[in-house]
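User: Could you give me a close look at one part of this structure, the way its helices pack and what links them? Please go through it as a connected account, and add anything elsewhere that deserves a glance.

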Amino acid sequence: MGSLEVKSIIEPHDQSTSTSASTNRNMLSMKQFSENCDKKQLWCKVITSLKIALFSNKINLLIPFGPLAMLVDTLTGNHGWVFFLSLLGIIPLAERLGWATEQLAFYTGPTVGGLLNATFGNATELIISMYAMKHGMLRVVQQSLLGSILSNMLLVLGCAFFCGGIFLPKKEQVFDKSNAVMSSGLLLMAVMGLLFPAVLHFTHTELHFGKSELALSRFSSCVMLIAYGAYLFFQLTTQKNSYSPITEEDSPKEDNSDDDDEESPDISKYECVIWLSILTLFISILSEYLVNTIEGASVAMNIPIAFISVILLPIVGNAAEHASAIMFAMKDKLDISLGVAIGSSTQISMFAIPFCVVVGWIMGRPLDLNFQLFETATLFITVLVVAFMLQDGTSNYFKGVMLVFCYLIVAASFFVHIDPLSIQDKP
């Protein structure tokens, strides 16, 4: 009897133990299954994001030229080819940087989105400028930033006006004159900041020769940075819809069609931030190869450094602005096109240039706002031409043609211009 009782006590205990063991195994298998599902979903998201970012645009076919430039530099050291391949490799990266910024703008609203577009659209120029300053090539810094302003104001805006006028031939495109006038005023203020150090230098009226010009440049740069900060505060608080097309309020029919064609983001907010970081890193790497080979490429291709700095580098850096400004103009959203093109020029003149002067001050580089007489006169005439084009608040394809032709004249001028200060001695 005793053994039967012990048996009856042990058997339920064994059954409960086996039941709990099977339950644990089931829980472990369910956990492993859920982990495998999570991993599969994560890999699916990564693959989808890679497909959208790298294979959704034909211009991405130029991406392999970046690694090819590094390979050619390692094997041959031919500066001409390395410069050319780096230039081609940066074009799709700059365009994708603009794309990632546009995706992020879906989550931030039109005003912040427009400012983000202008900011990251100029990231390529700033990165190139930092590497050039690091290598003591101060004229390349000045000329590349100047060229970016000229490219945005003449080439990018001209192409936007032209494509918008051709694509919508029976409709007069309009934009907000108040924003255009305010941007023109800021650009004229930037011209003033660049003009006075140049006049001081060429009239030999410095109080302390060789020092007053640099001191004035640094003071003016600080003032310009404060003015740009005030402009940003004004844009974000007062001008709520400064990047919204004014034509949307005028015709309800167009509003309905715009709602039907309303776009949605292709990737999530966190993916936008990740892609912005990755693209900025790769642009930084290629920019170093680009800057290191500018002088050698100038000799190999028999092209003046001034032409490379003012024309070639900005065209590459402005690929994102160029594409987005034309796209918005063809959709009859000319205010956004102006926000990208003129907003980018304003940011470079009022933020990027003075920021580089201040960074040079910190690094011990004597970078000033004296861009020399030829470059300053070119910028002054360009700002006047664009201000006159924007004063009536309308655009057409002929205005675009005139702006593009003006850019061709500027490009030809720098091709025949010899700048004795282009190559600086590296300290």
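Analyst: Happy to. A helix here is a DSSP run of H or I with at least four residues, and helices are numbered from the N terminus. Please keep in mind that this is a predicted model.

Let's make helix α6 our main stop, which covers residues 138-167. Two packed helices are described by the angle between their axes and the distance between the axes. For α6 and helix α16 (residues 373-390), the angle is about 20° and the axes lie 11 Å apart. Angles under 35 degrees count as roughly parallel, so α6 and α16 are roughly parallel to each other. As for handedness, α6 passes α16 in a left-handed crossing.

The other partner to look at is helix α17, residues 397-415. The axes of α6 and α17 come within 7 Å and cross at roughly 150°. Since angles over 145 degrees count as roughly antiparallel, α6 is roughly antiparallel to α17. The crossing of α6 and α17 is left-handed.

Now for the side chains. Side chains of opposite charge can pair when their charged atoms come close. A search of the whole structure turns up two salt bridges, and one of them ties α6 to α16: Arg139 pairs with Glu375, with 2.8 Å between the closest N and O atoms. This pair connects distant parts of the chain, as Arg139 in α6 and Glu375 in α16 are 236 residues apart. Buried means under 20% relative accessible area. Arg139 therefore counts as buried, at 2%, and Glu375 is buried as well, with a relative accessible area of 2%.

The other salt bridge joins Lys399 and Asp392, and here the closest N and O atoms are 2.8 Å apart. Lys399 is buried, with a relative accessible area of 10%, whereas Asp392 is partly exposed, with a value of 39%.

If you have a moment, step back along the chain to Tyr131, which lies in helix α5 (residues 123-134). Because its relative accessibility is 18%, Tyr131 counts as buried. Tyr131 and Ser284 are 153 residues apart along the chain, yet their C-alpha atoms are separated by 8.5 Å.

Two loop residues also deserve a glance. Most residues other than glycine have a negative phi. His204, not a glycine, nevertheless has a positive phi of about 55°. His204 sits in the loop between α7 (177-202) and α8 (212-237), and is exposed, with a relative accessible area of 64%. Asn302 likewise has a positive phi of about 55° without being a glycine. Asn302 belongs to the loop between α12 (294-301) and α13 (305-317), and is exposed too, with a relative accessible area of 67%.

Finally, have a look at the surface. Leu42, Trp43, Val46, Ile47 and Leu50 form a nonpolar patch there, and together they have about 490 Å² of accessible area. Take Ile47 as an example: Ile47 is found in helix α1, residues 2-55, and is partly exposed, with a relative accessible area of 42%.

To come back to our main stop: α6 is roughly parallel to α16 and roughly antiparallel to α17, with Arg139 in α6 forming a salt bridge with Glu375 in α16.

Methods: Residues numbered from 1 in each chain as written. Predicted model: local features only at pLDDT ≥ 70, side-chain atom pairs only at ≥ 80, totals over all residues. Heavy atoms only, no water. Patch = residues over 30% accessible without salt bridge, like charges linked within 9 Å, V, L, I, M, F, W, Y side chains within 5 Å. Areas by Shrake-Rupley, 256 points an atom, 1.4 Å probe, with all protein chains shown as cover. Salt bridge = Lys/Arg side-chain N within 4 Å of Asp/Glu carboxyl O. Buried < 20%, exposed > 50% of the residue type's maximum accessible area, 1.4 Å probe, protein only. Axes fitted to C-alpha atoms, helices over the stretch in contact; angles between N-to-C directions. Parallel < 35°, antiparallel > 145°, perpendicular 65-115°, else oblique. Left-handed = near helix turned anticlockwise from the far one by under 90°.
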